[in-house]
Amino acid sequence: MARGADRPDGGPGSAPAEELVGMMAEDGAAALLANSPDLAEQAAWRRLTARHGDRLAEIMAEHGWPTERTLGAEAARAAWLVAQHADRQLDVQRRAAALLGEAVARGEASARDLAFLRDRLAVNEGREQRYGTQIGAVADGRPVPWPCEDPERLDERRAEVGIEPFDEYTARFAPK
């Protein structure tokens, strides 16, 4: 019997948890393809993230948002990463943000993760982001975020969800 096969209801070690963790590993191994100058490699990245997004949608339909309590910490992190990278599947990102928001409200998920996902979704929908987590470019050696709402209060909002100040966050992206 496969590991986790005795957990049809989900939970750490279940098939959905193992699938999510496997998707996170695949994502990590293929992430460099996202911005490859080789268009075939970019297409491979897009197919991978679409396949993962489709499967996350099925898992969410069956289990709700994968939380640490329901599927384990690693699977919960993997679900968030898959949702983040489902950039061409806005329905998946919207559903993930809604379910993750409910889990945050119950104290079962990270407000920080929700902020990153909501910002990613906002950028993908052409709206201003709230927390400045999505970097659009590097200009004069400094990371520039996609447009943000009320930029004067950006660090205040970031602190509310456990994200470091913008300058500290972007220092890691600056060329060395």
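A residue is called buried when its relative accessible area is under 20%, exposed when it is over 50%, and partly exposed in between (1.4 Å probe, protein chains only). The exercises concern a predicted model, in which local features need pLDDT of at least 70, side-chain atom pairs count only at pLDDT 80 or more, and totals for chains, interfaces and linings use all residues. Residues are numbered from 1 along each chain as its sequence is written, and side-chain values use heavy atoms, with hydrogens and water left out.

**Exercise 1. Gly101**

Task: Determine whether Gly101 counts as buried or exposed, and state which residues Gly101 touches.

Solution. Step 1: Gly101 is found in helix α5, residues 90-105; helices (H or I, at least four residues) and strands (E, at least two) are DSSP runs, numbered from the N terminus. Step 2: Gly101 counts as buried because its relative accessibility is 15%. Step 3: contact means heavy atoms within 4.5 Å. Leaving aside residues up to four places away in sequence, Gly101 touches Leu114 and Arg118. Step 4: the C-alpha atoms of Gly101 and Asp113, 12 residues apart along the chain, are separated by 9.6 Å.

**Exercise 2. Helix α1**

Task: Compare the expected span of helix α1 with the distance between its end C-alpha atoms, and state where its buried residues lie around the axis.

Solution. Step 1: the expected span of a helix is 1.5 Å times one less than its number of residues. For the 16 residues of α1 (residues 15-30) this gives 22 Å, and the end C-alpha atoms are 22 Å apart, which agrees. Step 2: the buried residues of α1 include Pro16, Ala17, Leu20, Met23, Asp27 and Ala30. These residues cover an arc of only 160° around the axis, so they lie on the same side of α1; the arc is that of the directions from the helix axis to the C-beta atoms. Step 3: an α-helix has 3.6 residues a turn, so residues three or four places apart point the same way. Step 4: Ala25, Gly28 and Ala29 are exposed on the other side of α1. Step 5: the cover over the buried residues of α1 includes α2, α3 (68-71) and α4.

**Exercise 3. His52**

Task: Describe the surroundings of His52 in helix α2.

Solution. Step 1: with a relative accessible area of 2%, His52 is buried. Step 2: not counting residues up to four places away in sequence, His52 touches Met23, Glu26, Asp27 and Val82. Step 3: Met23 and Asp27 are among the buried residues of α1.

**Exercise 4. Two positive phi values**

Task: Locate Asp140 and Asp150, and state how accessible Asp140 and Asp150 are.

Solution. Step 1: Asp140 has a positive phi of about 55° although it is not a glycine. Asp140 belongs to the loop between β1 (135-139) and β2 (142-145), and is exposed, at 84% relative accessible area. Step 2: Asp150, also not a glycine, has a positive phi near 40°. Asp150 lies in the loop between β2 and α7 (154-160), and counts as partly exposed at 33% relative accessibility.
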